[in-house]
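Me: Please take a close look at a single part of this structure and tell me what surrounds it. I am in my first year, so keep the steps plain.

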Amino acid sequence: MSETVTVIPYSDKYQDDFRRLNEEWITKFFKMEEMDRISLHHPKEYILDKGGYIAVALMGDLPVGVCALIPSKKDGYEFELAKMGVSPVAQGKGIGKLLGQHIIQKAKALGAKKLFLESNRILTPALSLYEKLGFVEMVGATSPYERSDIQMELILTD
């Protein structure tokens, strides 16, 4: 298998991969929630048609990672970095970092000033990645997800 990783924009042919790569990590640590089902089964309507963006990481031709930029309803934030999943076979190869950097650049290109994300403290590799990307913990934020016990933000500067 080729180790070359490229990050490309989502297209409909990756819909099953987008759902699968997210369901893998969600069901490993948590349970699927209604918001997961909506966004993972209807990424075009829920994310793309609303002005969002999804990136797909390919190792050769194999989709091994995904990440979404979802238009935010939270005051002061244009987008949420969400639905980042990397296949267990490809973890530890820097794919999450590539996806995160790609999504941050895309957010800047779309004119965003601030991003936020939601996660859980048991996902220490993910939290470490988000910190490396520049995200810092937000205090007092609320979430529609039961599993979310930490919110982080990133102020985008040039």
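Reply: K83 sits in strand β4, which covers residues 79–86. The model is a predicted one, and every value below is computed from it. With a relative accessibility of 7%, K83 counts as buried, because the cut-off for that word is under 20%. Its side chain makes a polar contact with the side chain of D36, at 2.7 Å.

The backbone of K83 also deserves a look. Most residues other than glycine have a negative phi. K83 is not a glycine, yet its phi is positive, about 55°.

Next come the neighbours. If residues within four places in sequence are set aside, K83 is in contact with F18, N22, D36, S39, L40, V66, C67, A68, Y145 and R147. Three of the names in that list, N22, Y145 and R147, lead on to other parts of the chain.

Take Y145 to begin with. This residue belongs to the loop that runs between β6 (136–138) and β7 (150–155). Its relative accessibility is 13%, and Y145 therefore counts as buried. Apart from residues up to four places away in sequence, Y145 touches E33, M35, D36, K83 and E118. D36 thus appears among the contacts of Y145 and also among those of K83. For a sense of distance, Y145 and T6 are 139 residues apart in sequence, and their C-alpha atoms are 31 Å apart in space.

S143 is in the loop between β6 and β7 as well. This serine is partly exposed, with a relative accessible area of 27%. Its contacts, not counting residues up to four places away in sequence, are E118, S148 and Q151. E118 is also touched by Y145. Between the C-alpha atoms of S143 and S119 there are 9.8 Å, although the two residues are 24 residues apart along the chain.

Now follow N22 and R147. W25, a residue of helix α1, has a side chain that makes a polar contact of 3.0 Å with the side chain of N22. Not counting residues up to four places away in sequence, W25 touches F30, M84, G85, L123 and R147. M84 and G85 have numbers inside the range of β4, 79–86. W25 and V86 are 61 residues apart along the chain, while their C-alpha atoms are separated by 8.2 Å.

Past β4, the loop that leads to α4 contains S87. S87 has a relative accessibility of 7%, so it counts as buried. It touches L21, E24 and V64, again without residues up to four places away in sequence.

Strand β4 also takes part in a pocket. The largest pocket has a volume of about 1300 Å³. Its lining is made up of 49 residues, and those nearest its centre are W25, M84, S119, A126 and Y130. The largest share of this lining, 7 residues, comes from β4. At least two lining residues each come from α1 (15–29), α2 (34–41), β3 (62–71), β4, α4, β5 (114–119) and α5 (124–132).

Two of those helices can be described further. Helix α4 spans residues 95–109, 15 residues in total, and measures 21 Å from its first C-alpha to its last, close to the 21 Å expected at 1.5 Å a residue. Its buried residues are I95, G96, L99, G100, I103, I104 and A107. Viewed down the axis of α4, these buried residues fall within an arc of 165°, so they line one face of the helix. The general background is that an α-helix has 3.6 residues a turn, so residues three or four places apart point the same way. After α4 comes G111, with a positive phi near 90°.

In α5, the buried residues include L127, L129 and Y130. Down the axis of α5, the buried residues lie within an arc of 160°, so they line one face of that helix. On the other side of α5, T124, P125, E131 and K132 are exposed. The cover over the buried residues of α5 includes β4, α4, β5 and β7. G134 follows α5 and has a positive phi, near 105°.

To return to the starting point, β4 holds the buried K83, supplies the largest share of the lining of the largest pocket, and is part of what covers the buried residues of α5.

Notes: Residues are numbered from 1 along each chain as its sequence is written. This is a predicted model: local features need pLDDT of at least 70, side-chain atom pairs count only at pLDDT 80 or more; totals for chains, interfaces and linings use all residues. Side-chain values use heavy atoms; hydrogens and water are left out. Helices (H or I, at least four residues) and strands (E, at least two) are DSSP runs, numbered from the N terminus. Buried means under 20% relative accessible area, exposed over 50%, partly exposed in between (1.4 Å probe, protein chains only). A polar contact is a pair of N or O atoms within 3.5 Å; within protein, one must be able to donate a hydrogen and the other to accept it, and residues adjacent in sequence count only if both atoms are side-chain atoms. Contact means heavy atoms within 4.5 Å. The expected span of a helix is 1.5 Å times one less than its number of residues. The arc is that of the directions from the helix axis to the C-beta atoms. On a 1 Å grid over the protein atoms alone, a cavity is a set of points where a 1.4 Å probe fits but cannot get out, and a pocket is an open set with protein on both sides within 12 Å along at least five of seven lines; lining residues have an atom within 4 Å of a point. Grid points are joined across faces, edges and corners, and a volume is the space filled by probe spheres set on the points.
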